Amino acid sequence: MIIETLSVFPEVFEGYMSASIMGRAQRFGHLSFCAHDLRDWTHDRHRTVDDEPYGGGAGMLMKAPPIYEAVTSIAAAVPEVKPHVIFFTPTGAPFTQRTAERLAREERLLLVCGRYEGMDERAYALADERISIGDFVLTGGELAAMVVADAVCRLIPGVLGDDMSSKDESFSGGEGGGLLEYAQYTRPAVFEGAAVPEVLLSGDHARVAAWRRRDALERTCRWRPDLIESAELTEEECALARQLVERYREGGA
């Protein structure tokens, strides 16, 4: 997969994208990453990418022409693979694990990062998709781009080594069925008086699997009951979920 970013601060990607899983994915050829500097598509000596908004108001807006020129040029650099162009904006669809799974099937992503008070509205005509990573304000879109790149990269086959690692995690549509992930433990078996559940020490894989499924269901009902409606549950699990949600709503432990 090819992931590219377009930003006025491309250097912020260097450390994160070269470390850990992201760096290993590039070294082993699973991922090609490039951070483009939007200022490379400006034509004045100050390399200006922003201007005052028409109609007045606080702050500066990113200009449409450099973005248009940059996206067009970047797309043409690899003509055989058209990039799926993503803009980050509060008007975008919420980013979820399902979104990450869908984007991981793309061959090439171009993540366009805003700054200042936003972008000239005409720039959004370039977007194949608009995404929001949450209802809060960031200084720029670089962090949002790294969030999306990370979530997508780890779903590329071979990146995690053990492909099952991503299938039973929280929000996963695979083995996890859309539930939060079950609680996990490692050595020591007893810490500060709290012991690891006995079933996890039993060596009985069927019992462990059943415990994990039940624990995932309980954790979801307690901490994220909003996920239950879209989770993949059996009729028995649905009935249990209704009881658990009601219990936790009433303050039960």
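**A walk through the predicted fold**

Lysine 82 is exposed, since its relative accessible area of 65% is over the 50% cut-off. The model here is a predicted one, and this lysine makes a handy place to start. Lysine 82 sits in the loop between α3 (64-77) and β5. Leaving aside neighbours within four places in sequence, lysine 82 is in contact with Arg108 and Asp128. Glutamine 26 is 56 residues away from lysine 82 along the chain, and the C-alpha atoms of the two are separated by 20 Å.

Stepping back to the whole chain, there are seven helices and nine strands. The C-alpha trace spans about 70 × 45 × 35 Å along its principal axes. Of the 253 residues in the protein chain, 43% are buried. Contacts between residues at least 6 apart in sequence can also be sorted by how far along the chain they reach: 70% of them join residues at least 24 apart.

Now for the inside. The largest nonpolar core holds 30 residues, and the ones touching the most other members are Ile3, Phe88, Leu103, Leu109, Leu111 and Val152. Two or more residues of this core come from each of α1 (13-17), α2 (20-27), β5 (84-94), α4 (97-103), β6 (108-112) and α5 (142-153). The most come from α5, which gives eight residues. A second, separate core has 20 residues, including Ile67, Ala70, Met119 and Leu126. Back in the largest core, isoleucine 3 touches Leu31, Ser32, Phe33, Cys34, Leu109, Leu111 and Ala149, not counting residues up to four places away in sequence. Two of those partners, Leu109 and Leu111, are also on the list of core residues that touch the most other members.

Helix α5 deserves a paragraph of its own. It is mostly covered, with nine of its 12 residues buried. Those buried residues are Glu142, Ala144, Ala145, Met146, Val148, Ala149, Ala151, Val152 and Cys153. They pack against β1 (2-7), α1, α2, β5, α4 and β6. As for length, the 12 residues of α5 should span 16 Å at 1.5 Å a residue, and the end C-alpha atoms are 16 Å apart, so the two values agree. In general, an α-helix has 3.6 residues a turn, so residues three or four places apart point the same way.

Strand β5 turns up again at the largest pocket, which takes in about 590 Å³ of space. The lining of this pocket is made of 25 residues, and Phe88, Thr89, Pro90, Phe136 and Leu138 lie nearest its centre. Both β5 and β7 (129-132) supply at least two residues each to the lining, and β5 gives the most, with four residues. Sorted by class, the lining has 11 nonpolar, nine polar and five charged residues. Phe88 thus has two roles to note: it is listed among the core residues that touch the most other members, and it is also one of the lining residues nearest the centre of the pocket.

One last stop is glutamate 237, which lies in helix α7 (residues 235-249). Glutamate 237 counts as buried because its relative accessibility is 15%, and the cut-off for buried is under 20%. Residues up to four places away in sequence aside, glutamate 237 touches Arg213, Leu217 and Glu232.

Key:
Residues numbered from 1 in each chain as written. Predicted model: local features only at pLDDT ≥ 70, side-chain atom pairs only at ≥ 80, totals over all residues. Heavy atoms only, no water. Core = buried A, V, L, I, M, F, W, Y, C linked by side-chain atoms within 4.5 Å. Buried < 20%, exposed > 50% of the residue type's maximum accessible area, 1.4 Å probe, protein only. Contact = heavy atoms within 4.5 Å. 1 Å grid on protein atoms, 1.4 Å probe; cavity = no way out; pocket = protein on both sides within 12 Å on 5 of 7 lines; lining within 4 Å. Points joined across faces, edges and corners; volume = space filled by probe spheres on them. Nonpolar A, V, L, I, M, F, W, Y, C, P; charged D, E, K, R; others polar. Expected span 1.5 Å × (residues − 1).
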